[in-house]
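Trainee: I'm new to this structure and could use a guide. Could you pick a single part, take a close look at it, and then show me what lies around it?

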Amino acid sequence: MPTEIDLTELDQLCGGAKEYTEFGLNYVLLPQLRLPSGCNPAVLDALLCLSTRDGYPTRLYFAQQVSSKNGLNWNASNVAILQRSWFAYSWNYVASGRPIEVLAQHLKALQ
Amino acid sequence: MNVHFKITAGLLDGIFADLRRPHPFAAERAGFIGCKASTCRDGALVLAHTYLPLPNDWYVDDPRFGCVFSADAMRTAMQFALTEDASMFHVHLHDYGGAPWFSRPDLRESSKFVPDFWNVKPDLPHGTLVLSADGAAGLCWYPCQKTPLRIRQITALGFPMRFLGRAG
Amino acid sequence: MSDLFSRQSFLGKDSEKLLRETRVGIVGLGGGRTLKKQQSAHVGVGRFAIFDPDNTDFPNLNRTVGATFEDAVSKTPKVVVAQRMIMGINPQAEVWPIQSEWQSDFPALRACDVVFGCIDGFSGRAQLEESCRRAMIPLIDIGMDVHKGDPYSISGQVVVSMPGRPCFRCMGFIRQRDLDDEGRRYGEAGGNPQVVWSNGVLASTAVGLFVQMVTPWCRIHPGSAFVGYDGDRFTLEHDARLTVTGKTQCGHFSGIGDLGDPFWKP
């Protein structure tokens, strides 16, 4: 069973936010997350990992690679999580905490 | 729609051990298997995880039938389906060798109680299995389909894999 | 039993049918994987799902069994080479050639009865194992390394992840620190050395384990397998990591939520 994560703030930002646990790691699905301006695509599904995985304390995955103002190192591609394929850029040292703040820290990379 | 039912050898052995225990009055024992589901390119997978045995006092003494389970049994299985978001499969044993099949009472009764699981989990497949000493057969009530499907393949995972029932 | 497989009738009276009806997934078609598809076709496997996004080229021609010089010139997709080889051995085989990463086609992977994995890196292996465990598919992983040094040395392994039995993590084959190191890496620095003969030993071992898994011929039932290969001394031995754990069940893939499709729709 998923551990208790308060999804209220995430759900207000992105309706339909839902928590999943896979092999002991906690994820929040963010359907149709709106990204900062200048990103392409502007809206897409994202997956916030709130557990330490692959050397990152938390990580934000996207349904596809996103182009943005900043050049980012997309060092995770076609990562299989929850039976879907995800992509992520390297943006480290975002500690786990209040989910909305974790998300905001990760999205800073796209601003 | 092709349905493939998979179970680990360890879980299956545990089910056999339970179903072979004698009961004070029931000729046959039964249980429920909590499963998860997945689609695949050529159909659907039903993946067994948890076996719910029926305690002795969850059987009803009815000499007309080999096994009649009580409302407690159904309630527990429904609760498991709801809590674990699980597909439920009833299972019992015809302990002889060869390919088993359901008796007429089996077919009649399962067509009544299996669809009841859609009251708690309407989007999931549910069904029933019958085991023999060296085989298995099953029926699956798949969402949005009124009549049950014969399970095409039942596989016990282990070394070696046991292909217990392959329907043509 | 047909004449075609009369010399392997010892595998069991129904073995021809069992192998013909089994669908094998082969993830990655370089090196040892090409031998696995070849040998699987020869023993009578009738259904294949083959996953590889890459093309044949000169750097991989030294070990891509079935590929020709012309394939390297024209950069024939590896799945096309594989399909051609399989159909040449068994024209009745059903082959799904998937020219992409396996993560692009979960339904095809899930339709497999057994998967052979030959993926570089621990993270890729971990993901493939997770997906196979979700669909309750036995995974046979093979890997080979040429270790740089003076002198060089060759080693490898074949590891079986059987649902309900110890997984790669249980066996110590995949460790968290390896996953963390890989996750932080900023890209590969060129191709690793690879040679066909040690791939051949490992691929044949993997196919042997597969046949032992699917047919009833052998009385030895290992449950799991972790076979280590010393490519300098040409020895295969059971890796101590499997026996040292003493485990018979998996502690990592044990919850009901670890099965099936979390986004299930009928």
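Mentor: Let's start with a term we'll need right away: two strands count as paired if DSSP finds at least two bridges between them. Keep in mind, too, that this is a predicted model.

The part I'd pick is strand S2 of chain C, residues 47-51. On one side, S2(C) pairs with strand S1 of chain C, residues 23-27, in the parallel sense, over five bridges. S2(C) is also joined by five bridges to strand S3 of chain C, residues 94-98, and this pair runs parallel as well. As a general point, strands of a sheet pair through backbone hydrogen bonds, either parallel or antiparallel.

Now zoom in on one residue, Ile50(C). Opposite Ile50(C) stands Ile26(C) of the neighbouring strand. In S3(C), Ile50(C) has Pro97(C) as its bridge partner. So how covered is the strand? Five of the five residues of S2(C) are buried, so we can call the strand mostly covered. Look at where the side chains go: Arg47(C), Ala49(C) and Phe51(C) point one way, while Phe48(C) and Ile50(C) point the other way, and all are buried. That fits the general pattern that side chains in a regular strand alternate between the two faces of the sheet.

Staying in chain C, have a look at helix H7, residues 122-134. Here 13 of the 13 residues of H7(C) are buried, so the helix is largely enclosed by the rest of the structure. There's a neat length check, too: at 1.5 Å a residue, the 13 residues of H7(C) should span 18 Å, and the end C-alpha atoms are indeed 18 Å apart. Just past the helix, Met136(C) has a positive phi of about 55°.

H7(C) packs with helix H8 of chain C, residues 176-184, at an angle of about 115°, and the two axes are 8 Å apart. From H7(C), the contact uses Phe122(C), Ser123(C) and Ala126(C), while H8(C) brings Asp178(C), Leu179(C), Glu182(C) and Gly183(C). Sorted by type, the residues of this contact are three nonpolar, two polar and two charged.

Next, let's step out to the chains around chain C. Of the two pairs of chains that touch, chains B and C have the most contacts. That contact takes 25 residues from chain C and 29 residues from chain B. On the chain C side, helix H6 (106-110) and helix H9 (196-214) are the elements that give two or more residues. This side of chain C divides into 17 nonpolar, six polar and two charged residues.

Chain A touches chain C as well, with 15 residues from chain A and 24 residues from chain C. Strand S1 (18-22) and strand S5 (76-81) of chain A each supply at least two residues to the chain A side. That side is made up of six nonpolar, seven polar and two charged residues. As for chain A and chain B, they do not touch, and their nearest C-alpha atoms are 8 Å apart.

A few words on those two partners. Chain B has three helices and nine strands. The radius of gyration of chain B is 15 Å, close to the 15 Å that the globule rule gives for 168 residues, so chain B is as compact as a globular protein of that length. Buried residues account for 45% of the 168 residues in chain B.

The nine strands of chain B form an open, mixed sheet in the order S7-S6-S5-S4-S2-S3-S1-S8-S9. At the edges sit strand S7 (149-150) and strand S9 (162-166) of chain B, each pairing on one side only. Inside that sheet, strand S2 (residues 30-40) and strand S4 (residues 87-93) of chain B run antiparallel and are joined by six bridges. Ile33(B), for one, stands opposite Phe89(B) in S4(B).

Chain A comes to two helices and six strands, laid out from the N terminus as α-β-β-β-β-β-β-α. With 111 residues, a compact globule would have a radius of gyration near 13 Å, and chain A agrees at 13 Å. Its C-alpha trace spans about 40 × 30 × 25 Å along the principal axes, and 35% of the 111 residues in chain A are buried.

Definitions and conventions:
Residues are numbered from 1 along each chain as its sequence is written. Chains are lettered from A and ligands numbered from 1 in the order in which they are written. This is a predicted model: local features need pLDDT of at least 70, side-chain atom pairs count only at pLDDT 80 or more; totals for chains, interfaces and linings use all residues. Helices (H or I, at least four residues) and strands (E, at least two) are DSSP runs, numbered from the N terminus. Two residues are in contact if their C-beta atoms, placed from the backbone, lie within 7 Å. Ala, Val, Leu, Ile, Met, Phe, Trp, Tyr, Cys and Pro count as nonpolar, Asp, Glu, Lys and Arg as charged, and the others, Gly among them, as polar. Axes are lines fitted to C-alpha atoms, for helices over the stretch in contact, and angles run from 0 to 180 degrees between N-to-C directions. The radius of gyration is taken over C-alpha atoms; the globule rule is 2.2 Å times the number of residues to the power 0.38. A residue is buried if 20 or more other C-beta atoms lie within 10 Å of its own, exposed if 12 or fewer, and partly exposed in between; C-beta atoms are placed from the backbone. The expected span of a helix is 1.5 Å times one less than its number of residues.
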